[in-house]
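Biologist: Please take one loop of this model and look at it closely for me. Start from a single residue there and work outwards to whatever it leads you to.

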Amino acid sequence: TKFDTWDIRWPALADDGRIVFTKAADIYIFDPVSDQVQKVDIDLGSELNLTRKRYVDANTSVSEIAIAPEGDRLAVVVRGEIFSVPTEEGVTLPISGGTPERERSVVYGPKGEKVLYLTEAGVEEEVHAKDAWGRGEAQVVQKAHEGVWHYQPVYSPDGQKVAYSDNSYELFVMNADGSGRHGADKGTEGEIRHYEWSPDGRWLAYSKTLPNEFGSIYVYDTQEKRVHEVTG
């Protein structure tokens, strides 16, 4: 044999005189009778190991943890599923219920009765609320919008409002049931990713990048629907 590229390796002789060998990532057969080299076409179907039912050690796959207001339980995100885990003694409960979609960015409501999280249950990401013990069906708080990537939804301390932002650089405020959504502010240089409610739930403080690429802190008044810059 003579090839312009790659060495041939591991030749093996068959009883009928043919020689099998490898070149690069392929297998070839040389037939001395015909003096021909033929590449062996190999098509291996995937064993689809990752789609089979299996048991994964959750301790190695924890991506997020949120603590309940009373400190008695944790909402834990493992491999795109949300579980309620006791901080001391108790049972572990599935909140998202084994859906095929990915859930993330979970947070407890102020009374610990509900959790708020992002899910890929729709065509794009949606904001869902569900019973913190996993009972019943999830409530769609905000429907999906094409091409939108969300950031952490957060309940107000009284549980009446929800704030979140997305990759359109906009910060939104809405009622806890998803109604009354409106834009509180919109960045020009990047997403608004950090925001906190005041204890009375009236004000929403957040950081926004200015055109000079420095950050400044703002507060949004939910009653007057006005934005105030706090730092220069």
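Modeller: Happy to! A word on naming before we begin: strands are DSSP runs of type E with at least two residues, numbered from the N terminus. Please also keep in mind that this is a predicted model.

I'll start at Ser61, which is found in the loop between strand S4 (36-39) and strand S5 (62-67). Is Ser61 buried or exposed? The cut-off for buried is under 20% relative accessible area, and Ser61 has 19% relative accessibility, so it counts as buried. Setting aside neighbours within four places in sequence, Ser61 is in contact with Val56, Val77, Val78 and Arg79.

The last of those contacts gives us a backbone feature to follow. Arg79 has a positive phi of about 50°, and it is not a glycine. Most residues other than glycine have a negative phi. Where is Arg79 placed? The answer is another loop, between strand S6 (73-78) and strand S7 (81-86). So the buried serine in one loop touches this arginine, whose phi is positive.

Positive phi values turn up elsewhere too. Ala24, also not a glycine, has phi near 60°, and its place is the loop between strand S2 (19-23) and strand S3 (26-31). Asp35 takes a positive phi near 60° as well, in the hairpin of S3 and S4, where four residues lie between the strands. Those two strands pair in the antiparallel sense over four bridges, and Asp31 has Gln36 of S4 as its bridge partner. That hairpin brings us back to S4, the strand before the loop of Ser61.

From here, the aromatic side chains are a natural next stop. How many aromatic pairs does the ring-centre rule give? The count comes to five. Phe21 and Tyr28 make one that is stacked, with 5.8 Å centre to centre and 10° between the planes. Phe21 and Tyr28 are both buried. Ring pairs also bring in Phe3, so that Phe3, Phe21 and Tyr28 are linked into a cluster. Tyr164 and Phe172 have ring centres 5.3 Å apart and planes at 25°, so this pair is stacked as well. Tyr164 is buried, and Phe172 is too.

Phe21 also leads to Pro11, which lies in strand S1 (residues 8-13). Beyond its neighbours within four places in sequence, Pro11 is in contact with Ile19, Val20 and Phe21. The cut-off for exposed is over 50%, and Pro11 has 59% relative accessibility, so it counts as exposed. For a sense of the span, the C-alpha atoms of Pro11 and Asp158 are separated by 75 Å, with the two residues 147 apart along the chain.

Two rings have a charge sitting over them. The charged end of Arg73 is over the ring of Trp133, 4.7 Å from its centre. Likewise, the charged end of Lys208 is over the ring of Tyr218, 4.4 Å from its centre.

Tyr218 also has a strand partner: its bridge partner in S20 is Glu229. S19 and S20 pair in the antiparallel sense over four bridges. They belong to an open sheet of four strands, in the order S17-S18-S19-S20, with antiparallel pairing. Its edge strands are S17 and strand S20 (226-229), each of which pairs on one side only. Neighbouring strands of the sheet are turned by 25° against each other on average, direction ignored.

Some of those strands feed the largest nonpolar core, which has 26 residues. The residues with the most contacts inside that core are Leu116, Leu171, Val173, Tyr195, Leu204 and Tyr206. Among the strands that each supply at least two residues are strand S17 (195-197), strand S18 (203-209) and strand S19 (215-221). Which strand gives the most to this core? That is S15, with four residues. Tyr195 shows how such a core residue is surrounded: leaving aside neighbours within four places in sequence, its contacts include Tyr151, Val154, Tyr164, Leu171, Leu204 and Tyr206. One of those contacts, Tyr164, is the ring stacked with Phe172. Apart from the largest core lies another of eleven residues, including Ala66, Ala68, Ile95 and Val115.

Definitions and conventions:
Residues are numbered from 1 along each chain as its sequence is written. This is a predicted model: local features need pLDDT of at least 70, side-chain atom pairs count only at pLDDT 80 or more; totals for chains, interfaces and linings use all residues. Side-chain values use heavy atoms; hydrogens and water are left out. Buried means under 20% relative accessible area, exposed over 50%, partly exposed in between (1.4 Å probe, protein chains only). Contact means heavy atoms within 4.5 Å. Rings of Phe, Tyr and Trp (its six-membered ring) pair if their centres lie within 6.5 Å; planes under 30 degrees apart count as stacked, over 60 as edge-to-face and the rest as tilted. A charge sits over a ring if NZ of Lys or CZ of Arg is within 6 Å of the ring centre and within 35 degrees of the ring normal. A nonpolar core is a set of buried Ala, Val, Leu, Ile, Met, Phe, Trp, Tyr and Cys residues joined through side-chain atoms within 4.5 Å. Two strands pair if DSSP finds at least two bridges between them. Axes are lines fitted to C-alpha atoms, for helices over the stretch in contact, and angles run from 0 to 180 degrees between N-to-C directions.
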